[in-house]
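Open the model in a viewer and keep the sequence panel beside it. The stops below each give a selection to make and what to look for there.

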Amino acid sequence: MVRHLDQIGAIAVDQSSKVAGVVARVRRMVHDGTLREGDPLPSTRALAVELGVARGTVVAAYEQLDGEGYLRTRHGALARVAAGVRGPAARASAETGGGTDVVRASTGPTGALAAAVVSGSLAVPLVDCRPGIPAVTAIPQRDWRAAWRAAASTPLRNAIAEPLGSPDLRAQVVAQLGLTRGFTATVDRVLVTAGTSEALSLVTEALRGLLGRAPVVAVEDPGYRTGHRAITSAGGSLVGIPVGEDGLDLDALEASGPVDAVLVSPTHQYPLGSVMPVGRRRRLLAWAATTGTVVVEDDYDSEFRHRGAPVPALAALDVEGVVLHVGGFSKTLDPRLRCAYVVLPSPDGAATGSPVTEAVLAARRARGAVVAEPVQAALVHLLRTGALRRHLGRVRRDYTHRRARIAARLGDVAGLEARALNGGLHAVVTWSGPTTGAQIARRLADAGVLVATLEEYGLAPGSTPPGIVFGYGAVTMPELDRALDALATAVTGS
């Protein structure tokens with residue numbers, strides 16, 4: 001610790017940028033391997049004395065470094081270099097120690113790179129910036145382990161699992177929605193699904209049974225490709241509707257002809273990031289009520305709003321009983337939990353559910369339970385104890401710092417435009433010129449950075465401009481900086 005105190009204390013800090021000076025020096029020490037994972041830093045009081053500055057200056061620097069993912073701070077303990085932040089020396093040690101990171105399979109232009117990582121033949125460390133990966137390791141281990149201990153202590157019983165899901169989990173979802181999304185549901189209107197894709201498959205199957213034919217579903221274009229596959233696999237057909245600055249193009253939707261349902265992500269459209277204003281939400285609901293169309297609200301990334309005031313959920317505005325609200329835990333905790341939920345509609349004051357509600361409930365009962373009870377019990381513990389709420393508060397700060405870094409770094413690169421940065425865990429980057437997203441993705445793959453292409457999200461060839469979808473939820477700040485450097489080089493060639 002004394003070694004680190006001496007090095008940090010040698011900073012010539014300008015009085016107008018003391019916090020920035022401390023932050024910059026610690027970053028450099030992590031990058032060059034002087035500071036390694038788990039190394040302690042001086043106490044804020046000791047470093048403040050050494051530098052001759054107020055303790056609050058050092059506290060602010062440590063808080064910024066914590067938010068950027070370089071440090072982990074805890075009240076009453078020394079700040080330490082965060083896990084997963086490795087300089088070149090540490091990386092070289094890891095790479096020669098025989099360990100190999102296992103990555104998810106990829107079928108896109110980065111598939112060869114992923115295979116190279118698994119085989120150990122990759123010469124550069126991997127930075128996985130594909131979208132859909134949150135900061136899984138950010139939750140404190142004590143909270144995570146306590147949740148699974150609680151699940152393991154649940155008494156064994158001779159019974160068949162409740163098809164709609166654990167009543168305790170459904171009750172916690174109701175409470176959470178009332179606090180965070182502004183609408184009140186009842187436990188009997190909530191059902192648990194194996195992720196958002198299974199929810200969409202279930203709804204499509206229910207509509208097919210109710211209508212006696214393949215349902216026609218309007219979807220955002222570009223949009224949630226995995227959800228699109230779930231709908232078509234369950235027997236539905238798709239109608240693509242363009243997306244603009246205010247979300248789904250309602251003029252195009254109304255002109256598209258009769259549809260049975262519309263899938264929309266109004267809070268943070270995936271992948272373009274647009275937000276549907278309240279006035280347009282009311283227009284969508286009025287149109288749906290008039291035409292008898294079911295609105296499936298994918299409440300994607302509602303937990304992570306970096307700029308602007310929160311916008312109410314569609315379900316909070318629904319008085320006609322047309323909205324099926326879909327949420328889950330993939331972006332807040334871990335996609336591998338495969339746990340989501342659907343809140344079914346009911347007109348205000350209605351004693352019974354709508355035909356769609358009853359059809360979805362019947363389809364869920366027919367399929368049976370799909371999420372293991374221990375998983376549901378662990379989620380109940382995280383919700384009931386406030387551990388999930390605390391985790392969200394922490395990662396919101398981390399994501400906001402990463403979002404600011406992307407905006408600052410890419411804002412200086414001529415010809416690049418970054419969007420979808422008002423919320424969520426990814427950015428969409430576009431450029432002028434004939435270079436395709438696949439070409440940029442291949443250049444990035446050669447540099448050891450995995451991304452998705454924007455073109456992959458379009459329903460038809462040419463429906464999206466060239467671009468990439470750049471996830472930043474799970475990367476450390478040093479990895480993010482490296483990926484942004486590689487992106488600028490890939491697009492500009494310099």
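Is the crossing of H9 and H14 left-handed or right-handed? Select the two helices, residues 195–211 for H9 and 355–367 for H14, and look along the line that joins them. The crossing is right-handed. Bear in mind throughout that this is a predicted model.

**Stop 1: H9 and H14**

With both helices still selected, the axes come within 8 Å and cross at roughly 115°. Show side chains next. On the H9 side, colour Glu 198, Ser 201, Leu 202, Glu 205, Ala 206, Leu 207 and Leu 210; they meet Pro 355, Val 356, Ala 359, Val 360, Ala 363, Arg 364 and Arg 367 of H14. Sorted by class, this contact has nine nonpolar, one polar and four charged residues.

**Stop 2: the whole chain**

Zoom out and colour by secondary structure. The protein has 18 helices and 16 strands. Of its 494 residues, 50% count as buried. Take the contacts between residues at least 6 apart in sequence: 72% of them join residues at least 24 apart.

**Stop 3: H8 and H15**

Select residues 167–180 for H8 and 373–384 for H15. These axes come within 9 Å, and the crossing angle is roughly 35°. H8 passes H15 in a left-handed crossing. From H8, Asp 168, Leu 169, Gln 172 and Gln 176 take part in the contact, and from H15, Gln 376, Leu 379, Val 380, Leu 383 and Arg 384. The classes here are four nonpolar, three polar and two charged residues. Keep Leu 169 and Leu 379 labelled, as both return at the next stop.

**Stop 4: Cys 339 and its surroundings**

Which residues does Cys 339 touch, leaving out those up to four places away in sequence? Select Cys 339 in the loop between strand S10 (323–328) and strand S11 (340–343), then display its contacts. The residues touched are Leu 169, Val 192, Thr 193, Gly 195, Gly 328, Phe 329, Val 371 and Leu 379. Leu 169 belongs to the H8 side of the previous contact and Leu 379 to the H15 side. Phe 329 is ten residues from Cys 339 along the chain, and a distance drawn between their C-alpha atoms should read 6.1 Å.

Switch to a surface view. Cys 339 has 1% relative accessibility and therefore counts as buried, the cut-off being under 20%. Now select Cys 129, which at 0% also counts as buried. Do not look for a disulfide at either cysteine: the structure holds zero disulfides.

**Stop 5: two residues with positive phi**

Step back from Cys 339 to Arg 338, in the loop between S10 and S11. Its phi is near 50°, a positive value in a residue other than glycine. Is Arg 338 buried or partly exposed? With a relative accessible area of 40%, Arg 338 is partly exposed.

Then go to Ala 420, in the loop between strand S12 (416–419) and strand S13 (426–431). Ala 420 is not a glycine either, yet its phi is positive, at about 70°. Its relative accessible area is 7%, so Ala 420 is buried.

**Stop 6: two cis peptide bonds**

Select Asp 221 and Pro 222 and show the backbone. The peptide bond joining them is cis, with omega about 5°. Pro 222 sits in the loop between strand S5 (216–221) and helix H10 (225–233).

Where is Pro 271? Look in the loop between strand S8 (261–264) and helix H12 (278–291). The bond that leads into Pro 271 from Tyr 270 is cis, and omega is near 10°.

**Stop 7: H17 and H18**

Finish with residues 437–446 for H17 and 477–492 for H18. The axes come within 9 Å of each other and cross at roughly 130°. An angle between 115 and 145 degrees falls in the oblique class, and H17 and H18 are therefore oblique to each other. H17 passes H18 in a right-handed crossing.

Display the side chains once more. Ile 440, Arg 443 and Leu 444 come from H17, and they meet Ala 486, Leu 487, Ala 490 and Val 491 of H18. By class this contact has six nonpolar, no polar and one charged residues.

Definitions and conventions. Residues numbered from 1 in each chain as written. Predicted model: local features only at pLDDT ≥ 70, side-chain atom pairs only at ≥ 80, totals over all residues. Heavy atoms only, no water. Axes fitted to C-alpha atoms, helices over the stretch in contact; angles between N-to-C directions. Helix = DSSP H or I, 4+ residues; strand = E, 2+ residues; numbered from the N terminus. Parallel < 35°, antiparallel > 145°, perpendicular 65-115°, else oblique. Left-handed = near helix turned anticlockwise from the far one by under 90°. Contact = heavy atoms within 4.5 Å. Nonpolar A, V, L, I, M, F, W, Y, C, P; charged D, E, K, R; others polar. Disulfide = S-S within 2.5 Å. Buried < 20%, exposed > 50% of the residue type's maximum accessible area, 1.4 Å probe, protein only.
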